[in-house]
Structures are given as structure tokens and as C-alpha cells.
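This briefing introduces a protein structure to a reader who has not met it before. Please consult the sequence and the structure shown below while reading.

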Amino acid sequence: TESSEDEETIDSRPPTPRARYSVAKRNAEQLTLQLLTHLERHKIDAMRRKFEKNSLKVDMLDFVRIMRSALPNYIVRKPGEKKKKKSAAELAGLRILDDEEDLLRNLLELYREIDVNGDG
């Protein structure tokens, strides 16, 4: 039918910039929640003390260092580890990042989201 052909044409078009941004934003928000699910209670308390030590103001580099030190190593796939084999964390429904660079990129995005007024 004519309508099914129109639908195929619409589906085959590349996504608009707005649609790509929307998907990227949604993925970033989901990843932020995933990152936070990896934090253990005692690590959150340690992070809070580090932030308070700096009067709740930290620059981007300190934020990334504090967050990375609090996150478990299993959050990043080990170099050479096959994606086909799921880790225990993945089997539990947690997302594992492909590499350390991916984690850092996401921590920087989290910092930007939290630091809405740009003053650390």
C-alpha cells in the first residue's frame, strides 16, 4: 500500500539533529543513573567528606578524580575482554563501559550537568 511505502521512506531518513540530541541526552541521563548505582554507601560518605573539605566546590578535574576513585574497577571493561562474555555486573543488569576514556567522558558530562552555574 501507499502508506506503508511512505512509512518506509520516513524510517530510512537520517535522524534530525534534534532527535540525535534527544537520544544522546537520554543515554547520558541513563548512564548517570547507572554510574550512581555502582557507588557503595561508604564510598558516598567518603566522597561527601572530600566535597565538604573543599567547601562543596570542586573543579572538573577534582570532581572526576573523586568520582573515579569511588567507582569500582569493574565498571570499565578490561582491555582485550570480549564483549560477548557478560561479566557478573552485566548479568546483574549494570552497564559496563567499553574503556576508561568512555568513563571519563561520562564523568565530565555528569560534572557539566551538576555544575549548572559554572562555578565549580
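**Overview**

In helix α6, Arg112 is joined to Glu109 by a salt bridge, and the closest N and O atoms of the two residues are 3.7 Å apart. The model is predicted, and the mean pLDDT of its chain is 77. The points below cover confidence, one helix in detail, the nonpolar core, the salt bridges and two buried charged residues.

**Confidence in the model**

- A pLDDT of 70 or more is reached by 83% of the residues of the chain.
- Over residues 1-9 the pLDDT falls below 50, and this stretch has zero contacts in the model beyond near neighbours in sequence.
- Of the elements of the chain, helix α1, at residues 2-12, has the lowest mean pLDDT, with a value of 52.
- Helix α4, at residues 60-70, has the highest mean pLDDT among the elements, with a value of 89.

**Helix α2**

- Helix α2 covers residues 17-37, which makes 21 residues.
- At 1.5 Å a residue, helix α2 should span 30 Å, and this agrees with the 30 Å between its end C-alpha atoms.
- Ala28, Leu31, Thr32 and Leu35 are the buried residues of α2.
- These buried residues line one face of the helix, because they fall within an arc of 110° when seen down the axis of α2.
- On the other side of α2, the residues Arg18 and Leu33 are exposed.
- Helix α6, at residues 100-114, is included in what covers the buried residues of α2.

**The largest nonpolar core**

- The largest nonpolar core is made up of 19 residues.
- Those with the most contacts inside this core are Leu35, Met47, Phe63, Met67, Leu71, Leu103 and Leu107.
- Two or more residues of this core are given by each of the elements α2, α3 (41-53), α4 and α6.
- Helix α4 supplies the largest share of this core, namely five residues.
- Leu71 touches Leu35, His38, Leu39, Leu103 and Leu107, when residues up to four places away in sequence are not counted.

**Salt bridges**

- Seven salt bridges are found in a search of the whole structure.
- In the pair described at the start, Arg112 and Glu109 are three residues apart in helix α6, so about one helical turn separates them.
- Arg112 counts as partly exposed at 47% relative accessibility, and Glu109 is also partly exposed, with a relative accessible area of 29%.
- Arg41, Asp45 and Arg48 are joined into one network by salt bridges that share partners.
- Within this network, the side chains of Asp45 and Arg48 meet in a salt bridge of 3.1 Å, N to O.
- Asp45 and Arg48 both belong to helix α3, where they lie three residues apart, about one turn of the helix.
- Asp45 counts as partly exposed, with 23% relative accessibility, and Arg48 is partly exposed with a relative accessible area of 39%.
- A salt bridge also links Glu101 with Arg105, whose closest N and O atoms are 3.4 Å apart.
- Glu101 and Arg105 are four residues apart in helix α6, so they are separated by about one helical turn.
- At 55% relative accessibility Glu101 counts as exposed, whereas Arg105 is partly exposed, with a relative accessible area of 46%.

**Two buried charged residues**

- Arg68 lies in helix α4 and counts as buried, because its relative accessible area of 16% is under 20%.
- Arg68 is in contact with Asn73, Ile75, Val76, Glu100, Leu103 and Leu107, leaving aside its neighbours within four places in sequence.
- Among these contacts of Arg68, Leu103 and Leu107 are also listed with the residues that have the most contacts inside the largest nonpolar core.
- Asp102 is found in helix α6 and counts as buried at 14% relative accessibility.
- Asp102 is in contact with Arg95 and Leu97, its neighbours within four places in sequence being left aside.

Conventions:
Residues numbered from 1 in each chain as written. Predicted model: local features only at pLDDT ≥ 70, side-chain atom pairs only at ≥ 80, totals over all residues. Heavy atoms only, no water. pLDDT = per-residue confidence, 0-100. Contact = heavy atoms within 4.5 Å. Expected span 1.5 Å × (residues − 1). Buried < 20%, exposed > 50% of the residue type's maximum accessible area, 1.4 Å probe, protein only. Arc of directions from axis to C-beta. Core = buried A, V, L, I, M, F, W, Y, C linked by side-chain atoms within 4.5 Å. Salt bridge = Lys/Arg side-chain N within 4 Å of Asp/Glu carboxyl O.
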